[in-house]
Amino acid sequence: MNSDNGKPGIDFPGLGVGLAIMRDDKILLYKRVKPPEAGHWNIVGGKVDHMEPAEQAARREAVEETGLEIGAIEFVAMTEQIIAADRQHWLSLLYVTRDFTGEPSLTEPDKLSDFGWFALDALPEPLSAFTREIARHLT
C-alpha cells in the first residue's frame, strides 16, 4: 500500500486478527508496549496484509510474537473496536488454537514487554478490548 493513502486503523478502519492460544484451560497473553492499548494484556495478533488470508495472518503474527509453531486454528468471532484513547478503529477476526508446538518466548521486545499463561477467571489488568471480547466466547 502506498503510504500516501494513510495507515490502517488510524486513517481508515483496519483489518486485524487475534489468536487466543490455549493450554490447560489457560490463555497466553502478552503485554503491549505500543498503541493501540499500550500497557494492556492482549492475545497475539496484528494487521492483515493486503492479499494475505486472515487465517494465515493469525498464524504469522503468532509465530512472530511467540516463536510457537501453530497448527489448526478455529474461527471464534468478529469484533469491531473503536479505541478512542488511541484514535484507532479495527475490525478483527478472532481465532483460537490449542494446537501448537514449542514454548512461548518474548521474540518482539520492542512491541511486547511481558507474557504469561492466565486462567480465564483470573485475567490480568488492564486487559485489551480484543482479549475481553474473545474471553467472552471461551468461558
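Q: What makes Val17, Leu19, Ile21, Ile70 and Tyr95 stand out in the largest nonpolar core?
A: In this predicted model, that core has 18 residues, and these five touch the most other members.

Q: Which elements give two or more residues to this core?
A: They are β1 (14-23), β2, α1 (54-66) and β7 (88-97). Of these, α1 gives the most, with four residues.

Q: What else is there besides this core?
A: There is a second, separate core of 15 residues, and Ile27, Leu29, Val96 and Leu120 are among them.

Q: How many aromatic pairs does a search of the whole structure find?
A: The search finds four.

Q: Why is the pair of Tyr30 and Phe115 called stacked?
A: The ring centres are 5.1 Å apart and the planes differ by 20°. Centres within 6.5 Å make a pair and planes under 30 degrees apart count as stacked, so Tyr30 and Phe115 qualify on both counts.

Q: What makes this pair a tie between parts of the chain?
A: Tyr30 lies in strand β2 (residues 26-32) and Phe115 in strand β9 (residues 112-119), so the pair ties together parts that are 85 residues apart in sequence.

Q: How do you know whether Tyr30 is buried or exposed?
A: Its relative accessibility is 1%. Buried means under 20%, so Tyr30 counts as buried.

Q: Why is Phe115 called partly exposed?
A: Phe115 has a relative accessible area of 29%. Partly exposed lies between the 20% and 50% cut-offs, so the term fits Phe115.

Notes. Residues numbered from 1 in each chain as written. Predicted model: local features only at pLDDT ≥ 70, side-chain atom pairs only at ≥ 80, totals over all residues. Heavy atoms only, no water. Phe/Tyr/Trp six-rings, centres within 6.5 Å; stacked < 30°, edge-to-face > 60°. Buried < 20%, exposed > 50% of the residue type's maximum accessible area, 1.4 Å probe, protein only. Core = buried A, V, L, I, M, F, W, Y, C linked by side-chain atoms within 4.5 Å.
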